[in-house]
Amino acid sequence: MELVEKAKSIRLLILDIDGILTTGILYYGNQGIEVKGFSIYDGLGIKLLQKTGVQVAVISGKTSEAVLRRMRELNIEYAYLGQDDKLPAYEELKEKLQLNDQEIAYMGDDLPDLPLLRRAGFAITVPKAPTIIKQHADLITKTKAGKGAVREICEFIMEAQGQYQSVIQSYLTK
């Protein structure tokens with residue numbers, strides 16, 4: 001029940017990229033161009049969550065053209081890339097959107113995410129995260145990173161906020 005209470009107050013979901021929106025495996029083509037795979041399920045989950053008024057942002061240690069393109073496709077306005085230290089971006093988002101920590105969910109999978117997981121009101125990770133990360137997470141998804149884990153969290157937040165059925169209903173009435 002405590003997790004549902006935490007999720008009820010979320011107004012911003014911040015996501016790491018590698019190991020959360022992707023499987024965490026890096027692929028490079030022959031010309032050294034990075035190629036990333038994103039789950040279509042995660043993408044729809046993000047769009048559905050945005051429809052309920054919850055904002056979505058990303059903070060990543062890497063800079064990637066593929067990520068920028070995917071963020072544009074998902075209408076994610078706040079994309080902080082190349083952030084070795086993610087805390088300043090978190091604090092900037094919090095101030096810009098006039099939120100407190102309890103209104104922010106953060107989903108990350110490794111040590112650079114630890115300061116944000118410890119600060120956010122709702123800390124989320126994935127099954128393959130290191131033990132130290134799992135110890136600081138409120139929730140560990142059942143679904144793997146890059147395979148729908150973000151969708152799982154989006155649906156959890158929508159359910160907690162009583163929005164999920166109305167979102168689903170919009171598809172049933174078409």
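Which residues does Ile46 touch, not counting residues up to four places away in sequence? In this predicted model, they are Leu15, Leu21, Val56, Leu74, Ile76, Val150 and Cys154. Ile46 itself is found in helix H2, which covers residues 40-51. Its relative accessibility is 0%, and Ile46 therefore counts as buried, the limit being under 20%. One of its contacts, Val150, is 104 residues away along the chain, yet the C-alpha atoms of Ile46 and Val150 are separated by 7.6 Å.

The chain as a whole provides the setting for this residue. Its secondary structure comes to 8 helices and 8 strands. The radius of gyration is 15 Å, close to the 16 Å that the globule rule gives for 174 residues, so the chain is as compact as a globular protein of that length. Taken along the principal axes, the box filled by the C-alpha atoms is roughly 45 × 40 × 30 Å. Of the 174 residues in the chain, 47% are buried. Among contacts with a separation of 6 or more, 57% are between residues 24 or more positions apart.

The surface and the charges were also characterised. The chain exposes about 9000 Å², and carbon and sulfur atoms supply 50% of this area. There are 22 positive and 23 negative charges, and the mean positions of the two sets are 5 Å apart.

A charged residue also occurs among the buried positions. Glu34 lies in strand S3, which consists of residues 34-35. With a relative accessible area of 15%, Glu34 falls under the 20% limit and is therefore buried. The side chain of Glu34 makes a polar contact of 3.3 Å with the side chain of Lys62, and a polar contact of 3.5 Å joins the side chains of Glu34 and Ser64. Both partners appear among the residues that Glu34 touches beyond four places in sequence, namely Leu26, Tyr27, Tyr28, Lys62, Thr63 and Ser64.

Gly146 is another buried residue, located in the loop between strand S8 (139-140) and helix H7 (149-160). Its relative accessibility of 12% is under 20%, and Gly146 is therefore classed as buried. When neighbours within four places in sequence are left aside, Gly146 is in contact with Ile20, Leu21, Thr22, Thr23, Ser39 and Asp42. Leu21 is thus in contact with Gly146 and is also touched by Ile46. Gly146 and Val35 are 111 residues apart in sequence, and their C-alpha atoms are 14 Å apart in space.

Two loop residues were examined for their backbone angles. Most residues other than glycine have a negative phi. Asn75, however, has a positive phi, near 55°, and for Gln98 the angle is likewise positive, near 50°. Asn75 lies in the loop between helix H3 (65-73) and strand S5 (78-80), whereas Gln98 is found in the loop between helix H4 (87-96) and strand S6 (104-107). The relative accessibility of Asn75 is 62%, which is over 50%, and Asn75 therefore counts as exposed. For Gln98 the corresponding value is 68%, so Gln98 counts as exposed by the 50% limit.

How values were computed: Residues are numbered from 1 along each chain as its sequence is written. This is a predicted model: local features need pLDDT of at least 70, side-chain atom pairs count only at pLDDT 80 or more; totals for chains, interfaces and linings use all residues. Side-chain values use heavy atoms; hydrogens and water are left out. Helices (H or I, at least four residues) and strands (E, at least two) are DSSP runs, numbered from the N terminus. Buried means under 20% relative accessible area, exposed over 50%, partly exposed in between (1.4 Å probe, protein chains only). A polar contact is a pair of N or O atoms within 3.5 Å; within protein, one must be able to donate a hydrogen and the other to accept it, and residues adjacent in sequence count only if both atoms are side-chain atoms. Contact means heavy atoms within 4.5 Å. The radius of gyration is taken over C-alpha atoms; the globule rule is 2.2 Å times the number of residues to the power 0.38. Accessible areas come from the Shrake-Rupley method with a 1.4 Å probe; for residues, only the protein chains shown count as cover. Lys and Arg count as positive and Asp and Glu as negative; His and the chain ends are not counted. The place of a charge is taken as NZ of Lys, CZ of Arg, CG of Asp or CD of Glu.
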